[in-house]
Amino acid sequence: MDASHMALVHNVFIRGYNSIYQQAPHIRPADYRDFVGYCLAWHEMVQGHHDSEEEVLFPGIEEATGVKGIMDGEKAEHASLHAGLSSLATYLRACTAQPGSFESSALLAIMDTLAPALATHLANEPPALASLATYAIDMKDLSDKTAKHSMARTSVVNLLPMLWFNLDVDFEDGKWNNFPPISGPVRWVLTWLLVGLPDNGVLAGSSNSLQSGAVQGTSTPSCWGIVSTLIQHIDQLLRLTTMKSAPTSTH
């Protein structure tokens with residue numbers, strides 16, 4: 001994962017964090033469950049990203065450079081986030097069990113404790129990766145392996161909407177406006193069908209990723225359950241279609 005790609009992903013984290021922080025005080029009780037689901041998806045995205053870095057990217061960089069401990073600084077920054085991310089997950093899971101117990105003040109207090117370490121890490125890591133340019137590292141190969149590791153361990157139902165609705169499509173003159181790489185049917189559903197639903201809130205995301213006249217800014221995340229369910233069904237349908245169309249071997 002090169003520095004540019006890392007900056008893009010980190011910006012998604014920041015935009016997701018900001019969307020949660022800004023929306024939390026205004027969520028209606030009827031939307032507590034969906035909003036908590038949105039917050040959990042953000043947590044899963046950040047935690048899964050860090051886990052994949054530590055299990056694939058960082059060891060790969062260390063092996064490629066031959067410098068033991070070269071990513072220890074980034075590992076230490078991850079460690080500084082563990083307590084805050086754990087507290088966030090614990091609170092959100094309790095709210096999932098009892099949605100009526102959600103309180104925006106409690107959520108924001110946890111996020112306030114997380115913010116300093118998170119901001120430091122998100123700012124430091126892209127330059128750290130850029131500094132590796134002096135080494136002969138196949139960063140594309142490492143990036144692909146890290147992404148596959150993350151996707152295999154993260155719910156696509158949560159990850160894709162969170163990435164999609166918090167993506168800055170103007171970053172680097174639109175170079176990343178088709179990120180993440182998803183199938184045409186899923187992209188169509190996210191871009192056109194869901195933004196046309198009444199009061200959908202578009203997941204409370206920051207959403208300039210919704211292009212060509214789609215919603216630019218959001219209110220409440222009442223559509224989170226609909227989004228995730230539709231993506232899940234489309235993903236299952238595509239998998240079944242792929243299995244049926246795959247050639248069978250003969251002996």
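## Helices, cores and rings in a predicted model

M6 lies in helix α1, which covers residues 3–23. The model is predicted. M6 is buried, because its relative accessibility is 0% and buried means under 20%. Along the chain, M6 and E125 are 119 residues apart. In space, 7.8 Å separates their C-alpha atoms.

**The nonpolar cores**

The largest nonpolar core has 36 residues. Which of them touch the most other members? They are I20, F35, W42, M45, L92, F102 and L107. Five elements give two or more residues to this core: α1, α2, α3, α4 and α6 (156–164). Of these, α2 gives the most, with ten residues. Another core lies apart from it and has ten residues. M6 is among them, as are L57, L129 and M139.

W42 deserves a look of its own. Setting aside neighbours within four places in sequence, what does W42 contact? The list is F13, G16, Y17, I20, L85, L88, L114, L118 and M162.

**Aromatic pairs**

The structure holds five aromatic pairs. One of them joins F35 and Y38, and this pair is stacked. The ring centres are 6.5 Å apart, with 25° between the planes. Why does it count as stacked? The angle of 25° is under the 30 degrees that stacking requires, so the pair qualifies. Both residues sit in helix α2 (residues 32–65), three residues apart, so about one helical turn separates them. Are F35 and Y38 buried or exposed? The table gives the values.

| Residue | Relative accessible area | State |
|---|---|---|
| F35 | 0% | buried |
| Y38 | 1% | buried |

The rings also form a wider group. Ring pairs link Y32, F35, Y38 and F102 into a cluster.

**Helix α3**

Helix α3 runs over residues 72–97, a total of 26 residues. At 1.5 Å a residue, α3 should span 38 Å. Its end C-alpha atoms are 37 Å apart, which agrees. Where does α3 bend? The bend is at H82, by about 35°.

The buried residues of α3 are E74, E77, H78, L81, G84, L85, L88, A89, Y91, L92 and C95. What covers them includes α2 and α4 (104–130). Two of these buried residues, L85 and L88, are also in contact with W42. Another buried residue of α3, L92, is among the members of the largest nonpolar core that touch the most others.

Terms used: Residues are numbered from 1 along each chain as its sequence is written. This is a predicted model: local features need pLDDT of at least 70, side-chain atom pairs count only at pLDDT 80 or more; totals for chains, interfaces and linings use all residues. Side-chain values use heavy atoms; hydrogens and water are left out. Rings of Phe, Tyr and Trp (its six-membered ring) pair if their centres lie within 6.5 Å; planes under 30 degrees apart count as stacked, over 60 as edge-to-face and the rest as tilted. Helices (H or I, at least four residues) and strands (E, at least two) are DSSP runs, numbered from the N terminus. Buried means under 20% relative accessible area, exposed over 50%, partly exposed in between (1.4 Å probe, protein chains only). The expected span of a helix is 1.5 Å times one less than its number of residues. The bend at a residue is the angle between axes fitted to the seven residues ending there and the seven starting there. Contact means heavy atoms within 4.5 Å. A nonpolar core is a set of buried Ala, Val, Leu, Ile, Met, Phe, Trp, Tyr and Cys residues joined through side-chain atoms within 4.5 Å.
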